[in-house]
Amino acid sequence: MLLCRAQRSLVRRAVQRSPSLYLTAVMLGRAASWLLRAHRGPWPCRCPGTKSCSPGTESCSPGSRGAATFSVTPCKSLADEDVCIRVAGLSSHQEVTLRAHALDEREQLFDSYAHYRADSNGLLDITHSPSLGGDYLGVVPMGLLWTLSPATMEMPYQKLRPYTNLIGIPMRIDLFLHSGHSQTRVVPGQVLAKQTIERWYSKPGVRWIKLREGNIRGSLFLPPGDGPFPGVIDLFGNEDGLTEFRACLLASRGFATLALPYFGFEDLPRVLTDIRLEYFEEAVDYLQKHPKVKGSGVGVIGSSKGGDLALSIITFIPKVVASVCISGCNANTLFDLYYKDMHLSSVKYNIDDIVCLDSGVLDVSKLISNPQQNPKSIIPLEKAEGHILFVVGEDDKIWESKVFAEEAIKRLKTHKKNNYELLSYPGTGHHIEPPCSPFCVAQINRFLGHPVLSGGEPIKHCYAQQDSWQKILQFFHSHLH
């Protein structure tokens, strides 16, 4: 159904106060499904954990309760790495339930669960064993971590993500082994074993520098070692403030990475009415001149609105030689863009095209008009001399990022350019992040009070995150020398 009268009145008041503030709010409220989880009820207290393995060992000291034991390899890992979960000491073909619990920095509990059956020797290895029910089905080795979501309906539209404490403090995830296949989430079977693993966003030796240099603000993450390192600027979408977790992971993978906010942080504009590309050029110059950064050119990675900014940056700033556009648009979106004597207008939008689904989730997929209707908003990508990687989900419900990427490639081909690659993933929504990021069921729009549909199927989306992350790293290694 269309947006109800009261909701539309709220939307129009937001637009009247500030169109840019409204659009910022809309694009912040992101969801992957309009189906909400049933209320799960209270969970047991957070497990205090077991003795951690010493550095350099392959797996945690087995946590146990009775005969069953956990083996997690590795028990301390970077958040973008796979872990192998095994259970021994079960009866032949014994039915069990595996659960994962994690607390975020606000002490909100996230959880997931899956049903398994041991083999004839009483062993269970989820790398090879299929889940028979729960939050996912089939052989999904990382399924327990990929499907972590809010455990109660008190704050249902939240995403498990670190916001601070990226250096020196891991995210701890508790694993529980229960007997039987419980029919409800509220009454699990007896706890047979438990274990705690650590997921780190920084390798030992990664350095974090709070940046206030000229007009630019943000955080610079430097890899361990002397360098110099390839440099990357990291941009997110319309989330105001500073988002650092991807930049920290990139630094752990060998890239000097500048997490760069462009509004809603410190003394930057609280909201945007237009964007000047000179701000990003200043950041490029700073990064390229940094003594720990290789000077042959830098890269940029951007998601959503940050994606079209990443395309504009490589188009107009020659020092940028590699650009990753994730779920972006081939035209300038939401705010007018200026650079010297150049002006790109914004793609038009229409709030009357927002749809409210029966669940209360907003579908904004038709909010942005076709860029071809406003040619002055289209980014002249043929001017870019660097290399471009487009990453899109074919079930993107924020906007048609696959169509936008195809239009961009069509324009490049028309101008005899072959400096691009396309990664297109079926069953994948808008928010393609590093593989440490669980699939987000829903997220409240903080201004409108509603979640916004993002699209995608949980397991397909998470496999796309895993695959695209490795290819993004390869892309930057190939083009930043």
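Here are a few notes on the cores and the odd backbone spots in this model.

1. Before you dig in: this is a predicted model, where local features need pLDDT of at least 70, side-chain atom pairs count only at pLDDT 80 or more, and totals for chains, interfaces and linings use all residues. Numbering runs from 1 along each chain as its sequence is written, and side-chain values use heavy atoms, with hydrogens and water left out.

2. The largest nonpolar core (buried Ala, Val, Leu, Ile, Met, Phe, Trp, Tyr and Cys residues joined through side-chain atoms within 4.5 Å; buried is under 20% relative accessible area, exposed over 50%, partly exposed in between, with a 1.4 Å probe and protein chains only) has 67 residues, and Leu90, Leu177, Tyr201, Val324, Val391 and Phe476 touch the most other members. Helix H8 (residues 458-479) gives this core its largest share, eight residues. Helices (H or I, at least four residues) and strands (E, at least two) are DSSP runs numbered from the N terminus. Another core, of 66 residues, lies apart from that one and includes Leu260 and Phe263.

3. Look at Leu177: beyond its neighbours within four places in sequence, its contacts (heavy atoms within 4.5 Å) include Phe70, Leu90, Val96 and Leu192.

4. There are cis peptide bonds to check. Thr73 to Pro74 has omega near -15°, with Pro74 in the loop between strands S1 (69-73) and S2 (76-78). Gly227 to Pro228 is cis too, omega near 5°.

5. Ser304 isn't a glycine, yet has a positive phi of about 60°. Ser304 sits between strand S16 (298-303) and helix H6 (305-316) and, at 3% relative accessibility, counts as buried.
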